[in-house]
Amino acid sequence: MTQGFSPDRLARIGQVGRRYVDEGKIPFSMVQVARRGEVVYRDDHGLASVENNRAIADDSIVRIYSMTKPITSIALMQLYEHGKVLLENPVSRYIPEFADMQVLIGGSAEKPITRPAARPITIKDLLTHTSGLTYGFMEQDPVDAIYRQKELGVFTKVDFSLEEGCRRMADSPLVFDPGTAWNYSMATDVVGRIVEVISGQPLEEYFAENIFEPCGMVDTSFHVAEDKHDRFVDMYTPTPDGLFRVDITERSLYLKPPTYTAGGGGLTSTMDDYQRFCNMLVNRGQINGNQVIGSRTLAFMATNHLPGGKSLNEMEQSLFSEVAMAGSGFGLGFSVVLDPAESGSISNVGEYSWGGAASTAFWIDPVDEVSCIFFTQLLPSSTYPIRRQLRAAVYQALND
């Protein structure tokens, strides 16, 4: 037994992703499982660039998209620990444009009909995705269309700053009154801007000083440095004719620092770097002798904060989520398992997790002290049920 895992059963974990690679459904599969900070299983299979026949490597750099969100949420909660922000504070205290928000009640993207919001958006609303903000890519209602017109929440690099992006969000109507529903949104980008306002530092600089360096994350950034370009991977989307490359390493906009540093989805990282972040979470906020976030603060973040203890299904407004909504609540930056049976996946109550648009995912099980990270590069993340299949494969190997 390795940390309670059966050696004979561990190989089944890698087979999940390998099948998708061998069937031509995803370009590569990288999966890593650790317990109490010790890696017990790692499997890499496939190609970083299908067209160039370039194999995936241990140190390959991938787009983690919304797996940026927990990092940004930790950053804000560090400032909370310093007494510099409270969850009930209105967002307008830090970004004045968010005062006097309007809610869409009819009309179209071209001629929206609105009314004043019932109350201001708070910091907690941002962290729990109950703010009424949205994403342009979701195409669910007129507000999403308004976001697309303003280049908000789309999968292309933009030439305006995070500060300007927040102004554009504040100038758009809300989908609903703050605190009344759950909608996956650009709220964590706003969280990132608030980190900048409070700290007086650019977001990446704050990340480097307060999270990346203490954790030992040497390859995580909003862009891929020139001496690491050969480690960056291509991005794909499925078509009837097979995988289509939508972002080519040699021409990717990720090769240069972005104008817009998206706290909700802008980072690139490696498996080893994200494992260090997960090790910190499993170890109750501590790593390398550094207490990155307080143990009580982290436990508070990984508690369901939805109004009345409701689940995501009960709060549902969004048709999109990076995790299954059944049996899950939402904390301050993570989804949280409330009922494993209802979720339909083996897990423990209190497991917290999130994923990224390119079908990446991670979860932390504080009961069994297990973490799992999965990387590939396929848009959108809803294409295949790999994440749920991985859960079954990981827990079937745990025998203690």
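**Reading contacts in a predicted model**

Biologist: Val31 is found in strand β1, which covers residues 28–35; is Val31 buried or exposed?

Modeller: Bearing in mind that this is a predicted model, Val31 counts as buried, because its relative accessibility of 1% falls under the 20% limit.

Biologist: Which residues does Val31 touch, once residues up to four places away in sequence are not counted?

Modeller: Val31 touches Ile13, Gly14, Tyr41, Arg42, Asp43, Asp44, Met271, Cys372, Ile373, Phe374 and Leu390. A C-alpha separation tells a related story, since Val31 and Phe375 are 344 residues apart along the chain and yet their C-alpha atoms are separated by 6.4 Å.

Biologist: What describes a pair of aromatic rings, and how many such pairs does the structure hold?

Modeller: In general, the distance of the centres and the angle of the planes describe a pair of aromatic rings. The structure holds 17 aromatic pairs. In the pair formed by Tyr20 and Tyr384, the ring centres are 5.2 Å apart and the planes stand at 50°, so this pair is tilted. Tyr20 belongs to helix α1 (residues 7–22), while Tyr384 belongs to the loop between β16 (370–375) and α12 (386–396), so the pair ties together parts that are 364 residues apart in sequence. As for accessibility, Tyr20 counts as buried at 9%, whereas Tyr384 counts as partly exposed at 23%.

Biologist: Which aromatic pair is edge-to-face, with 65° between the planes?

Modeller: That pair is formed by Tyr274 and Phe362, with 5.3 Å from centre to centre. Tyr274 lies in helix α8 (residues 271–282) and Phe362 in strand β15 (residues 361–365), so the pair ties together parts that are 88 residues apart in sequence. Tyr274 is buried, with a relative accessible area of 0%, and Phe362 counts as buried at 1%.

Biologist: Which residues do ring pairs link into a cluster, and where does the charged end of Arg168 sit?

Modeller: The cluster consists of Tyr65, Tyr135, Phe137, Phe155, Trp182, Tyr184, Phe330 and Trp354. The charged end of Arg168 sits over the ring of Phe160, 3.8 Å from the ring centre, and that of Arg391 sits over the ring of Trp363, 4.4 Å from the centre.

Biologist: What describes two packed helices, and at what angle do α2 and α6 pack?

Modeller: In general, two packed helices are described by the angle between their axes together with the distance between the axes. Helix α2 (residues 69–81) and helix α6 (residues 187–199) pack at about 35°, with their axes 9 Å apart, and the crossing of α2 and α6 is left-handed. From α2 the contact draws on Lys69, Thr72, Ser73, Ala75, Leu76 and Leu79, and from α6 on Thr188, Val191, Gly192, Ile194, Val195 and Ile198. The residues of this contact divide into seven nonpolar, four polar and one charged.

Biologist: Turning to the backbone, which peptide bond is cis, and what is phi of Asn53?

Modeller: The peptide bond from Leu379 to Pro380 is cis, with omega near -5°, and Pro380 is found in the loop between β16 and α12. Phi of Asn53 is near 55°, a positive value in a residue other than glycine; Asn53 has its place in the loop between β2 (38–49) and β3 (54–55) and is exposed, with a relative accessible area of 59%. Asp100, which is not a glycine, has a positive phi of about 60°; Asp100 is found in the loop between α2 and β5 (102–107) and counts as exposed at 74% relative accessibility.

Conventions: Residues are numbered from 1 along each chain as its sequence is written. This is a predicted model: local features need pLDDT of at least 70, side-chain atom pairs count only at pLDDT 80 or more; totals for chains, interfaces and linings use all residues. Side-chain values use heavy atoms; hydrogens and water are left out. Rings of Phe, Tyr and Trp (its six-membered ring) pair if their centres lie within 6.5 Å; planes under 30 degrees apart count as stacked, over 60 as edge-to-face and the rest as tilted. Helices (H or I, at least four residues) and strands (E, at least two) are DSSP runs, numbered from the N terminus. Buried means under 20% relative accessible area, exposed over 50%, partly exposed in between (1.4 Å probe, protein chains only). A charge sits over a ring if NZ of Lys or CZ of Arg is within 6 Å of the ring centre and within 35 degrees of the ring normal. Axes are lines fitted to C-alpha atoms, for helices over the stretch in contact, and angles run from 0 to 180 degrees between N-to-C directions. A crossing is left-handed if the near helix is turned anticlockwise from the far one by less than a right angle, and right-handed if clockwise. Contact means heavy atoms within 4.5 Å. Ala, Val, Leu, Ile, Met, Phe, Trp, Tyr, Cys and Pro count as nonpolar, Asp, Glu, Lys and Arg as charged, and the others, Gly among them, as polar.
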